[in-house]
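Visitor: Please show me the structure, and then let me ask about it piece by piece.

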Amino acid sequence: MSYADDVRNYCLENIIRPARTRGEKELSIRAGDIHTAMGYRNRMPLVCAALGANKFEEIAEAERISLTGPTNGANALFTFRIR
C-alpha cells in the first residue's frame, strides 16, 4: 500500500464514513489537518494529490465540488458531495 492509499483510507475511515453515518451530504477536508493527524512531515503535496485524485472520489463514493486555497498547501480545502 502506498502513502497515497494510506491518506485515502484514513480520510475514508475517519471523515467520509462518519459523515455519511450522520447523514451529511457535503463535507470539507483541509489538507493540513490530514497531514498533521497522520504525523507526516514534508508530505503536503502527497496529501493534496491523494485527496485530489479521481481514485479518492471512487473509493469514497463522493464527488469533489470545489478546491479552495493553494493546490499543494496546508490550507487547501477540498469540498465533497457524498453520494
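Guide: What follows is a short series of questions and answers.

This is a predicted model, in which local features need pLDDT of at least 70 and side-chain atom pairs count only at pLDDT 80 or more, while totals for chains, interfaces and linings use all residues. Residues are numbered from 1 along each chain as its sequence is written, and side-chain values use heavy atoms, with hydrogens and water left out.

Visitor: What distance separates the end C-alpha atoms of helix 1?
Guide: Helices (H or I, at least four residues) and strands (E, at least two) are DSSP runs, numbered from the N terminus. The expected span of a helix is 1.5 Å times one less than its number of residues. For the 19 residues of helix 1 (residues 3–21) that gives 27 Å, which agrees with the distance between its end C-alpha atoms, 26 Å.

Visitor: On which residue is the kink in helix 1 centred?
Guide: The bend at a residue is the angle between axes fitted to the seven residues ending there and the seven starting there. In helix 1 there is a kink of about 40 degrees, and its centre is Leu12.

Visitor: Which element gives the most residues to the largest nonpolar core?
Guide: A nonpolar core is a set of buried Ala, Val, Leu, Ile, Met, Phe, Trp, Tyr and Cys residues joined through side-chain atoms within 4.5 Å. The largest one has 23 residues, and those with the most contacts inside it are Ile29 and Phe56. Two or more residues come from each of helix 1, strand 1, helix 2, helix 3, helix 4 and strand 3. The one that gives the most, with 6 residues, is helix 1.

Visitor: Is Thr79 buried or exposed?
Guide: Buried means under 20% relative accessible area, exposed over 50%, and partly exposed in between (1.4 Å probe, protein chains only). Thr79 lies in strand 3. Because its relative accessibility is 12%, Thr79 counts as buried.

Visitor: With which side chain does the side chain of Thr79 make a polar contact?
Guide: A polar contact is a pair of N or O atoms within 3.5 Å; within protein, one must be able to donate a hydrogen and the other to accept it, and residues adjacent in sequence count only if both atoms are side-chain atoms. At 2.9 Å, the partner of the Thr79 side chain is that of Ser28.

Visitor: Why does Ser66 count as partly exposed?
Guide: Ser66 belongs to strand 2 (residues 62–68). Ser66 counts as partly exposed because its relative accessibility is 28%.
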